[in-house]
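Below are some remarks on the model you sent, set out as numbered points. Please read them with the coordinates open.

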Amino acid sequence: MTYVITERCIDVKDGACVEVCPVDCIHASDDDRMLHIDPVECIDCGACVDPCPVDAIYAEEDVPPDQRAYTEVNRVYFQDAAAARREIERLHPQAGAETHLTGTCARTDGAVVEPGAGSETVAPGHG
Ligand code: SF4
Ligand code: SF4
């Protein structure tokens with residue numbers, strides 16, 4: 001068994017888990033968007049779970065169904081880090097220029113939305 005870091009670590013990466021791991025099996029480089037637990041080195045002590053501020057770490061058998069892809073992401077990372085990064089990007093795309101909202105209503109299809117467009121205005125009756 002191993003412990004697994006899941007999606008909530010993405011873009012958080014505060015390293016609280018690294019501080020407490022007795023076998024130094026939690027790794028990432030500056031290029032990574034999350035940290036990963038080496039399933040071969042992990043001794044299943046569970047020490048990393050509570051310090052995580054976003055509750056991203058689970059024992060392998062407790063990983064929620066919608067996070068199970070991250071069990072593989074953690075494992076693959078130690079064999080092919082680039083493949084793990086691609087999978088993370090697929091599972092949780094980084095906000096890019098198109099979808100990074102900086103202000104008012106933005107659409108990814110390029111359409112300009114006029115204020116009030118799309119809402120019916122009912123003219124008052126003439127009495
Ligand atoms: S369970 Fe223990 S050994 Fe495994 S990653 Fe967490 S702190 Fe490290
Ligand atoms: S403590 Fe949690 S959020 Fe912080 S690096 Fe570890 S897994 Fe990621």
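1. Aspartate 44 sits in the loop between β3 and β4, and the model, which is a predicted one, gives this residue a positive phi of about 60 degrees although it is not a glycine. Aspartate 44 is classed as exposed because 11 other C-beta atoms lie within 10 Å, where 12 or fewer is the limit for that class.

2. A second non-glycine residue with a positive phi, here of about 50 degrees, is lysine 13, which is placed in the loop between β1 and α1 (16-20). With 16 other C-beta atoms within 10 Å, lysine 13 is partly exposed.

3. Lysine 13 is also one of the contacts of methionine 34 beyond its neighbours within four places in sequence, and the others are Ile5, Cys9, Ile10, Ala28 and Ile88. Methionine 34 itself belongs to the loop between β2 (26-27) and β3 (36-37), yet it counts as buried because 23 other C-beta atoms lie within 10 Å, the threshold being 20 or more. Its C-alpha is 4.5 Å from that of isoleucine 10, although 24 residues separate the two in sequence.

4. As for the chain as a whole, its three helices and four strands follow the pattern β-α-β-β-β-α-α along the sequence. Of its 127 residues, 20% count as buried, and among contacts between residues at least 6 apart in sequence, 64% join residues at least 24 apart.

5. The largest nonpolar core has 22 residues, of which Tyr3, Val4, Ile5, Cys17, Cys48 and Ile57 touch the most other members. The elements giving two or more residues to this core are β1 (3-5), β4 (57-59), α2 (69-77) and α3 (81-91). For cysteine 17, the contacts outside its neighbours within four places in sequence are Ile26, Leu35, Cys48, Pro51, Cys52 and Ile57.

6. Two ligand shells deserve inspection. Ligand 1 is surrounded by 14 residues, the closest being Tyr3, Cys21, Cys42, Cys45 and Cys48, and this shell divides into 12 nonpolar residues, one polar and one charged. Around ligand 2 there are 15 residues, with Cys9, Val12, Ala16, Cys17 and Cys52 the closest, and by class they comprise 12 nonpolar, one polar and two charged residues.

7. Which residues link these shells to the core described above? Tyr3 and Cys48, among the closest to ligand 1, and Cys17, among the closest to ligand 2, are all listed with the core residues that touch the most other members.

Notes: Residues are numbered from 1 along each chain as its sequence is written. Chains are lettered from A and ligands numbered from 1 in the order in which they are written. This is a predicted model: local features need pLDDT of at least 70, side-chain atom pairs count only at pLDDT 80 or more; totals for chains, interfaces and linings use all residues. A residue is near a molecule or strand if its C-beta atom, placed from the backbone, lies within 6 Å of it. Ala, Val, Leu, Ile, Met, Phe, Trp, Tyr, Cys and Pro count as nonpolar, Asp, Glu, Lys and Arg as charged, and the others, Gly among them, as polar. A nonpolar core is a set of buried Ala, Val, Leu, Ile, Met, Phe, Trp, Tyr and Cys residues joined through C-beta atoms within 7 Å. Two residues are in contact if their C-beta atoms, placed from the backbone, lie within 7 Å.
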